[in-house]
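Here is a short report for a first look at this structure. Keep the view open as you read.

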Amino acid sequence: MTIRHLKVFLAVADTGKMSLAAKKLYIAQPTVSQTISELERTYGVLLFERLAKGLYLTDAGHRLLTYARHIVPLFEEMERQMQYSSQHLSLHVGATITVGICLLTDMINRFEAEHPGMRIHAFVDNTSVIEEKILKSELDLGIVEGQVKHPDLLVVPMMEDELVLVCGPQHPFAKKKTIKAADLSGQDFILRERGSGTREFFEQFLSQASVQIEEKWVCHSSAAIKNAVMGGQGMTVISRRLVKREATQKKLYILPLQDRTLTRTFRLIYHKDKFLSVPFSAFIGQCRSAV
C-alpha cells in the first residue's frame with residue numbers, strides 16, 4: 001500500500017463514483033478501479049459496496065477513511081516541509097464571518113510581521129463549515145463563535161463578544177431605552193443562515209425565553225443584514241463590533257435587553273490529532289496570548 005492508494009481511495013470516497021474520482025485525479029477509470037481492488041486485496045476487506053451503480057463505504061471503508069483523512073495531508077505537509085525552506089511555511093486558518101470581519105486581518109498582519117516568511121491562507125464561512133473542513137484536514141485550525149460539537153476537536157476559549165439587538169431608525173422600538181424578551185414576539189427578523197454561531201446562540205435565547213419571531217430574511221452577509229435592517233425590513237441580532245459605526249451615525253439603534261446581556265465566546269478549534277508544525281505552534285501561541 002502506498003500514499004497513492006490512499007489518495008485514490010479518498011477521491012472515490014469523496015465523489016462516490018470511480019468515474020468522478022478518475023476525473024478529479026486526471027487518471028483513467030480502470031486505474032482507479034484497479035487501485036481500489038489492490039487495497040481490498042491487501043487488507044482482505046471490502047471497502048465499498050457496489051449497489052445500483054453507486055458506491056457506499058463499508059465499516060472497513062469508514063475505518064480506513066478516518067486514517068486516510070489524516071495520513072494524506074500529513075504526508076503532503078511532510079513533502080512541503082522537505083522540499084521548501086522555512087521561508088515557504090504556510091498555515092490554513094478558518095474564521096467565522098464576524099471574526100473574519102472584526103479580528104482576522106489584524107491577527108494575520110501581526111503574525112506575519114512577527115514571523116517573516118510564514119504565510120497564512122484564510123477561509124471565512126460559518127461555524128459548521130469551518131468545523132467540517134478541519135475534520136477533513138482542509139483547514140489547520142479555526143476561530144469560531146458557534147458551539148463546537150465534534151469530540152475530535154479541541155477547543156480553546158479566546159475572548160468574549162457581545163451580541164446586540166438592532167433595529168432601524170423608523171422601527172417602533174428605535175427610541176426605547178430597554179426592551180424585554182417578550183417584546184420580540186412576532187417581530188420580523190433578518191437572520192444569519194443555519195450553521196451560523198450567531199443564529200444558533202440567538203435561537204437558544206429565544207427558546208429559553210419562550211419567544212417566537214418571524215424569520216423574514218436569511219442572509220450569509222453581515223453587510224446585507226445591516227442594509228436590510230436600516231431599510232426597515234426588520235430587526236436583527238449581531239455582534240456589537242459590527243455595528244459600532246452605524247450606531248454612532250444613528251443609522252442603526254442598539255436595543256439593550258432588560259436584565260440580560262447576550263455574551264458569547266470566540267473559540268480556537270483544531271483536531272486533537274493535528275501535527276504541531278512550526279507555523280501551527282506559532283499561531284496557537286499567538287491565539288493563547290489573546291485569551
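Among the contacts in the protein with a separation of 6 or more, 73% join residues 24 or more positions apart. Keep in mind that this is a predicted model.

**Overall build**

The protein has 291 residues, and 43% of them count as buried. Its C-alpha trace spans about 70 × 50 × 30 Å along the principal axes. The exposed area of the protein is about 15300 Å². Carbon and sulfur atoms supply 52% of that area. In secondary structure, the protein holds 11 helices and 11 strands.

**Strand 6 and its partners**

Start with strand 6, which covers residues 153–167. Which strands pair with strand 6 in the antiparallel sense? Strand 11 does, strand 9 does, and so does strand 10. The table gives the residue range of each partner, the bridges to strand 6 and one pair of residues.

| Partner of strand 6 | Residues | Bridges | Residue pair |
|---|---|---|---|
| Strand 11 | residues 262–271 | 10 bridges | V156 with L268 |
| Strand 9 | residues 236–239 | 4 bridges | L165 with V237 |
| Strand 10 | residues 253–255 | 3 bridges | V166 with I254 |

Take the pairs one at a time. V156 has L268 of strand 11 as its bridge partner. For L165, the bridge partner is V237, in strand 9. V166 stands opposite I254, a residue of strand 10.

**The largest pocket**

Now turn to the largest pocket. Its volume is about 670 Å³. A total of 26 residues line this pocket. Which of them lie nearest its centre? They are R69, P73, E76, K136 and S137.

Three helices each supply at least two residues of the lining: helix 1 (3–15), helix 2 (18–25) and helix 4 (59–83). Which element gives the largest share? Helix 4 does, with 9 residues. R69, P73 and E76, from the group nearest the centre, fall within the 59–83 range of helix 4.

What is the chemical make-up of the lining? Its residues divide into 12 charged, 10 nonpolar and 4 polar.

**Where to look**

To find the pocket in the view, begin at helix 4, the source of 9 lining residues. Then locate K136 and S137, also among the residues nearest the pocket centre. For the strands, follow strand 6 along residues 153–167 and find strand 11, which pairs with it over 10 bridges. Strand 9 joins strand 6 through 4 bridges, and strand 10 pairs with strand 6 over 3.

Key:
Residues numbered from 1 in each chain as written. Predicted model: local features only at pLDDT ≥ 70, side-chain atom pairs only at ≥ 80, totals over all residues. Heavy atoms only, no water. 1 Å grid on protein atoms, 1.4 Å probe; cavity = no way out; pocket = protein on both sides within 12 Å on 5 of 7 lines; lining within 4 Å. Points joined across faces, edges and corners; volume = space filled by probe spheres on them. Nonpolar A, V, L, I, M, F, W, Y, C, P; charged D, E, K, R; others polar. Buried < 20%, exposed > 50% of the residue type's maximum accessible area, 1.4 Å probe, protein only. Contact = heavy atoms within 4.5 Å. Areas by Shrake-Rupley, 256 points an atom, 1.4 Å probe, with all protein chains shown as cover. Pairing = 2+ DSSP bridges.
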